[in-house]
Amino acid sequence: MRGADVVVAGGGTAGAVVAARLVEAGAAVVLVEAGPDHGAFSGGAWPLELTDAATIPTSHDWGYRSADGGLAFERARVIGGCSAHNGCTASWGHRADYDGWGLPGWSAEDVLPRFEDASRRMRVRRFIDDELTPFHAAFIAAGEEMGLPRADLLETLDIRPSVCAEPSNSPDGVRWNTAFAYLDAVRPDERLRVLAHTIVDHVLLDGGRAVGVRAIGPDGPLDVLGDTVVLAAGTYGSPSILLRTGIGPAADLRALGGDAVIDLPGVGGNLHDHPAFELFLTPTETYRTQTAAFAATGRPLPDEQGFASAASSWASDGVVDLHVFSEISLDGRPGIFVACLTPSSRGRLRLTSLDPEAPPVLDHAYLTDPGGHDLGVLRDGVRLARRMLATGPLADLVTEADPGPDVDLDAAIRAGVIHYWHPVGTCAMGDVTDARGRVRGLEGLFVADASLMPRTVRATTNLPTVVIGDTIASFLVSAAG
């Protein structure tokens, strides 16, 4: 295929942002997406399960699972990526997260205006009290009774313990993804080409420079050439492309039967997510009556609205390290979700095949940190959730069903630990790439997605990933100018 200024591999949360920003700056861009492109939002072709913000969709999934097969790691295979798949909670993290990376261009003051722009473009809204379901309203009231101030701080870099109705990128109940927010405005521009249903196999190299990608589309293999290649295939996809290119731990590459072009041991390492745990609840008759009356008014029943940020006994200086929120779980039961925001455990992504459709082996190594930090934070979070359940507002509506109050809590958490859909770190800046996302040892090859985070942030990672895409795009535009 004829060349472009930039080839972006992956049209997900960050990839759509990178492509749009570069086209806006005058670059010719080919955006290669493994899943479908349902077109502009205004075209009306998007499936309802992707646009309805009231629940989490299960379609358009890559099918990733944990190494033992017991835990699904849902990732969206569609233009817009996981921003078309997520719970829509909008949060930024804490300024210490970004300052702590110690990387030029990534301090809190550097990223703050990008977050402000991202929230605006992603159309983040607030649930007013009249929109809160009885369950979510009771959760917020319970948090207030326990002394958590009702304060909307999730869209700041100064988050502290508080409870609120969550900010949500769901205008008029639509899950507003990055394809809508960024890509739609440049779709008419002839400098943008989108190749859907086309999976990137590996990066094409000429000496020490990236010159394009080898991909497999509906009509078979094709080479997409470009002066610059940006990998935006996500925390699982971007390192997999690097490994198939021969960039990664040399011993692992040789074991796969591939060539070790660059021995870069960090590729696929540093894999981590916010470990989480769910308490499932039994609704009372009062819950059923109140919820039915609310639904009868015609108002929607979102699965998430009430949200608390808290500091465990492991937190320093009162900075939050817990998200605790009321939810309707994927199986329809009410629940409370608890997540540790400052995980110490680290895992790794590996390949068992050079086939681009073969899933990687994903070992997040949850709760394996020697000091017991991650388990301790979740333990405190569950205890907080139980105290909330015992307060008047929630006690009238629900009771704990699973794991139940009489079990060994640590054992229950270890057996039931899940993820928060926020994997990061497998192409970490300062290790695999430099601070501008350039892969070490090569020219013209960049990464721009959540895999760049050397350490995760105290936030749902949708907006931070948007900011990563925006920041890397700005670096590329600056370098080209």
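**Helix packing, core and local backbone features**

Helix α1 (residues 13-24) packs against helix α13 (residues 462-480) at an angle of about 35°, and their axes are 8 Å apart. The model is a predicted one, and the values here were computed from it. When α1 passes α13, the crossing is right-handed. On the α1 side, the contact is built from Thr13, Ala14, Val17, Val18, Arg21 and Leu22. On the α13 side, the partners are Asn462, Thr465, Val466, Gly469, Asp470, Ala473, Leu476 and Val477. Sorted by type, the residues of this contact between α1 and α13 come out as 8 nonpolar, 4 polar and 2 charged.

A second helix pair is formed by α10 (residues 373-389) and α12 (residues 409-416), which pack at an angle of about 110° with axes 10 Å apart. Angles from 65 to 115 degrees count as roughly perpendicular, so that label fits α10 and α12. Here Leu375, Leu378, Arg379, Val382, Arg383 and Arg386 of α10 meet Leu409, Asp410, Ile413 and Arg414 of α12. The contact of α10 with α12 splits into 5 nonpolar and 5 charged residues, with no polar ones.

Now to the inside of the protein. The largest nonpolar core holds 147 residues, and Val324, Leu394 and Leu445 are the ones with the most contacts inside it. What does leucine 394 touch, once residues up to four places away in sequence are set aside? The list for leucine 394 is Phe135, Ala138, Phe139, Ala142, Ile336, Met388 and Leu389.

Valine 398 sits in strand β18 (residues 398-402). Is valine 398 buried or exposed? Its relative accessible area is 2%, and the cut-off for buried is under 20%, so valine 398 counts as buried. Leaving out residues up to four places away in sequence, valine 398 touches Phe135, Leu281, Thr282, Pro283, Thr284, Tyr287, Pro334 and Leu389. Phe135 and Leu389 are thus found among the contacts of leucine 394 and also among those of valine 398. Aspartate 374 lies 24 residues from valine 398 along the chain, and the C-alpha atoms of the two are separated by 27 Å.

Strand β7 (residues 199-206) includes aspartate 201. With a relative accessible area of 16%, aspartate 201 is buried. Apart from residues up to four places away in sequence, aspartate 201 touches Arg214, Ala215, Ile241, Arg244, Leu354 and Pro356.

Some loops have backbone details worth a look. The peptide bond running from aspartate 402 to proline 403 is cis, with omega near 15°. Proline 403 belongs to the loop between β18 and α12, and β18 is the strand that holds valine 398.

Aspartate 172 isn't a glycine, yet it has a positive phi of about 55°. Where is aspartate 172 found? It lies in the loop between β5 (167-168) and α6 (178-183). With 81% relative accessibility, aspartate 172 counts as exposed, because the cut-off for that label is over 50%. Asparagine 270 isn't a glycine either, and its phi is positive at about 60°. The loop between β11 (262-263) and β12 (276-283) is where asparagine 270 is found. At 23% relative accessibility, asparagine 270 counts as partly exposed.

Definitions and conventions
Residues are numbered from 1 along each chain as its sequence is written. This is a predicted model: local features need pLDDT of at least 70, side-chain atom pairs count only at pLDDT 80 or more; totals for chains, interfaces and linings use all residues. Side-chain values use heavy atoms; hydrogens and water are left out. Axes are lines fitted to C-alpha atoms, for helices over the stretch in contact, and angles run from 0 to 180 degrees between N-to-C directions. Helices (H or I, at least four residues) and strands (E, at least two) are DSSP runs, numbered from the N terminus. Angles under 35 degrees count as roughly parallel, over 145 as roughly antiparallel, 65 to 115 as roughly perpendicular and the rest as oblique. Contact means heavy atoms within 4.5 Å. Ala, Val, Leu, Ile, Met, Phe, Trp, Tyr, Cys and Pro count as nonpolar, Asp, Glu, Lys and Arg as charged, and the others, Gly among them, as polar. A nonpolar core is a set of buried Ala, Val, Leu, Ile, Met, Phe, Trp, Tyr and Cys residues joined through side-chain atoms within 4.5 Å. Buried means under 20% relative accessible area, exposed over 50%, partly exposed in between (1.4 Å probe, protein chains only). A crossing is left-handed if the near helix is turned anticlockwise from the far one by less than a right angle, and right-handed if clockwise.
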